Amino acid sequence: MRRALLALVLVPLASCGIAPSNTQRLTDAAIEMNTAARFGRMDIALESVGASARKDFMSRHAEWGTRLRVVDVEFGGFELVEREEAEVYLDVLWLRNDEATVRTTRIAQRWRDVRGHWELIGEERKDGDAGLLGEPPPAAAETAGEASSAAESSAAATGRKHGLGLLTRVIRDE
């Protein structure tokens with residue numbers, strides 16, 4: 001009876017000493033790093049970024065908290081590419097400080113297990129709105145290109161110099 005009681009007490013205690021699996025450590029590292037980045041704690045986030053990727057990470061996340069606000073980060077799972085390398089997927093809801101449009105971007109982060117510690121070694125936008133990771137938003141690039149070509153063709157047709165508006169030309173002609 002005493003042995004049975006002792007076994008019932010010791011079995012649950014024995015399971016407490018089991019180390020987390022490789023995938024559990026990856027999940028914990030990714031969630032911790034991305035949560036810290038979401039709330040502007042780049043000092044904590046950088047602890048999980050590999051040395052070779054730190055400069056790139058800082059430049060890609062420079063606008064977080066200043067020009068754009070991250071509303072939510074959802075862990076979208078991961079895929080083990082190799083035993084010590086994985087791709088983590090995140091869905092990020094964000095908006096620019098000067099707009100009210102909530103945007104969604106899917107990010108794929110590349111992680112590597114270095115001596116039992118998972119480190120971020122790179123990330124890229126997979127889907128959704130551009131601009132979250134420092135890339136120029138496509139709408140701004142297209143609008144600037146369209147405005148430039150429209151202004152050039154309009155200036156050529158009316159004889160105006162590039163950069164002068166209609167009001168400017170009218171005032172000068174008077």
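Trainee: Which residues does Leu132 touch, not counting residues up to four places away in sequence?

Mentor: This is a predicted model, where local features need pLDDT of at least 70, side-chain atom pairs count only at pLDDT 80 or more, and totals for chains, interfaces and linings use all residues. Residues are numbered from 1 along each chain as its sequence is written, and side-chain values use heavy atoms, leaving out hydrogens and water. Taking contact as heavy atoms within 4.5 Å, Leu132 touches Arg60, Trp64, Leu68, Val70, Val92, Trp94, Thr105 and Ile107.

Trainee: Which element supplies the largest share of the largest nonpolar core?

Mentor: A nonpolar core is a set of buried (under 20% relative accessible area, 1.4 Å probe, protein chains only) Ala, Val, Leu, Ile, Met, Phe, Trp, Tyr and Cys residues joined through side-chain atoms within 4.5 Å. The largest has 26 residues, and Leu132 is among those with the most contacts inside it. Helices (H or I, at least four residues) and strands (E, at least two) are DSSP runs, numbered from the N terminus; H2 (22-38), H3 (42-45), E1 (68-82), E2 (85-96), E3 (103-114) and E4 (117-128) each supply at least two of its residues. The largest share, 6 residues, comes from H2.

Trainee: Which elements do the buried residues of H2 pack against?

Mentor: The buried residues of H2 include Leu26, Ala30, Met33 and Ala37. Together, the buried residues of this helix pack against H3, H4, E1, E2, E3 and E4.

Trainee: Which residue just after H2 takes a positive phi?

Mentor: H2 has 17 residues. Just after this helix, a positive phi of about 80° is taken by Gly40.

Terms used
Buried < 20%, exposed > 50% of the residue type's maximum accessible area, 1.4 Å probe, protein only. Expected span 1.5 Å × (residues − 1).
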